[in-house]
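Could you walk me through this structure in plain terms, from its buried residues to its empty spaces? I'd like to follow along with the model open on my screen.

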Amino acid sequence: MNRALSILGVLLSIAAVVRLGAVVLHEPMLAIANQYDMVRTGSCVGLYPDLPADKRHAATPQAPLERYRLDARIPGECYLGSETLLAAAVVAKHRVLDTPDAAFPALREIGLLKLVIAGVGILALAAAFWPFPVASVVHGATAFLVMADPVVSLWMQTLYTEFPVLFGAYFLMGALGAGLLREVLPRWLAMIAGTGIVMVALAKEQFFLLPLLLVAAAAPGLWVASRRPVIVLATLAALAVAWHALVPRSPSIAYANRADTYLGVVLPASADRGATLSKLGLSEPCGQLSGATWYLTRGANLHEECPEVLALRSTAFLTLAFSEPRTLARAVARVAPSTQNPLPGNIGMVAREPLGTIATKPWWLRSIWVPAAMLLPAAWYLGLVLFGLALVFPALVF
């Protein structure tokens, strides 16, 4: 019976790789349509849509673009990270093996590279969990139902950071989990964990602390038998924190994040706007812009009318954790319903098909989670999200 469970776990893992391949190899290309923020990665390596120069940075939400070409880098727009490393590998291949001036299917090649990385990682973790039948099935089911679902795989043929974030966290948690079950972290599992740290910690500044927390949580169970790998992984995670502190970023990224968070989400959730403004160190004119965002400013110039919101730290919301916890709770409750459909509904997903969706594709290419999530009444979904968030602190303690 135990052997049968382990076999089932491996078969589910293989099926997950096949499912990922079905999306990546589909013709026409399936992906989240190109939006403006992809330029953050493209600018680092000089990779842009095969469009006239004045249209390369415009959002193209109707369908993902297939053809890209090389041009000069734009350092001021660059957001260096692990996604940049993947794009750089494809750009280097094109410069060496192809005609550099010709347009080429860059996103398809990036998708194939990510497919190889994902496939190797899934199968390696399947081998790691083989001695533990129940864990093997849990891992296989997670790989097939979550990591291979189009909610995840549609981000593979893009220049967005979702792939390194999601698969990096999966590699790290899988390797540490397998190590804890084995009560030792062999070198090959440590390499998977290290790859996960590089992928997720360097992807976005929002996730730079996650690997350090995960390694710290696993350290007590691995310290005796695997002290050296734990030290190496902790050092790698700490270096990622330092890297985010030192690497240059376009100021517009921070400005957009601060305006969207504090003007667009936090202030509208406040029952006492004056107190919230005071706690955050914002002026009254900022209060008049409650509900505005970086892109929808109500005609205001944020640099002139509310410059202090653009200078807030990313962790400024923590000042409200004890004085106004209800404000933060209401902010979460306001945002959570918009996440019920895990696939964006306002952009295309099929190349050459304006606003095409995977709902018209064969059943094996469709998401399991989208119809399941949409069947839930909105109040139930919100309740589940809030319940999950309430479990975060006891889960960390456990």
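Gln-157 is a good place to start: this is a predicted model, and in it Gln-157 counts as buried because its relative accessibility is 1%, while the cut-off for buried is under 20%. You'll find Gln-157 in the loop between helix 6 (150-153) and helix 7. What does its side chain reach? One partner is the backbone oxygen of Leu-30, at 3.1 Å. Another is the side chain of Arg-108, with a polar contact of 2.7 Å. If you set aside neighbours within four places in sequence, the residues in contact with Gln-157 include Val-23, Val-24, Met-29, Leu-30 and Ala-31, and also Leu-107, Arg-108 and Gly-111.

Now hop over to Arg-108 itself, which sits in helix 4 (residues 106-129). Is Arg-108 buried or exposed? With 17% relative accessibility, Arg-108 counts as buried. A polar atom of the Arg-108 side chain lies 2.7 Å from the backbone oxygen of His-26. Not counting residues up to four places away in sequence, Arg-108 touches Val-24, Leu-25, His-26, Glu-27, Pro-28 and Met-29, plus Gln-157. Take Met-29 as an example of what folding does to sequence distance: Arg-108 and Met-29 are 79 residues apart in sequence, yet their C-alpha atoms are 7.3 Å apart in space.

Next, have a look at helix 12 (residues 273-280). Its buried residues are Thr-276, Leu-277 and Leu-280. Looking down the axis of helix 12, you'd see these buried residues fall within an arc of 100°, so they line one face of the helix. What do they pack against? The partners are helix 11 (251-266), helix 13 (284-288), helix 16 (320-323) and helix 17 (325-335). Right after helix 12 comes Gly-281, which has a positive phi, near 75°.

Further along the chain, Ala-373 belongs to helix 18 (residues 369-375). Ala-373 is buried too, with a relative accessible area of 14%. Apart from neighbours within four places in sequence, Ala-373 is in contact with Gln-340 and Pro-342. The residue between those two in numbering, Asn-341, has its C-alpha atom 6.6 Å from that of Ala-373, although the pair are 32 residues apart along the chain.

That leaves the empty spaces. Rolling a probe the size of a water molecule over the atoms shows where empty space is left. How many cavities of 30 Å³ or more does a search of the whole structure find? The search finds one, and the largest cavity has a volume of about 80 Å³. It is lined by 13 residues, and Asn-34, Met-38, Val-39, Pro-49 and Arg-56 are the closest to its centre. Strand 1 (residues 47-49) gives the most to this lining, with three residues. By class, the lining of the largest cavity comes out as nine nonpolar, three polar and one charged.

The second largest pocket holds about 610 Å³ of space. Of the 15 residues lining the pocket, Leu-213, Leu-214, Ala-217, Ala-395 and Leu-396 lie nearest its centre. Helix 7 (162-182), helix 9 (210-222) and helix 20 (392-397) are the elements that give two or more residues to the lining. Helix 9 gives the most, with six residues. As for chemistry, the lining of the second largest pocket has 14 nonpolar residues, one polar and no charged.

Note on methods: Residues are numbered from 1 along each chain as its sequence is written. This is a predicted model: local features need pLDDT of at least 70, side-chain atom pairs count only at pLDDT 80 or more; totals for chains, interfaces and linings use all residues. Side-chain values use heavy atoms; hydrogens and water are left out. On a 1 Å grid over the protein atoms alone, a cavity is a set of points where a 1.4 Å probe fits but cannot get out, and a pocket is an open set with protein on both sides within 12 Å along at least five of seven lines; lining residues have an atom within 4 Å of a point. Grid points are joined across faces, edges and corners, and a volume is the space filled by probe spheres set on the points. Helices (H or I, at least four residues) and strands (E, at least two) are DSSP runs, numbered from the N terminus. Ala, Val, Leu, Ile, Met, Phe, Trp, Tyr, Cys and Pro count as nonpolar, Asp, Glu, Lys and Arg as charged, and the others, Gly among them, as polar. Buried means under 20% relative accessible area, exposed over 50%, partly exposed in between (1.4 Å probe, protein chains only). Contact means heavy atoms within 4.5 Å. A polar contact is a pair of N or O atoms within 3.5 Å; within protein, one must be able to donate a hydrogen and the other to accept it, and residues adjacent in sequence count only if both atoms are side-chain atoms. The arc is that of the directions from the helix axis to the C-beta atoms.
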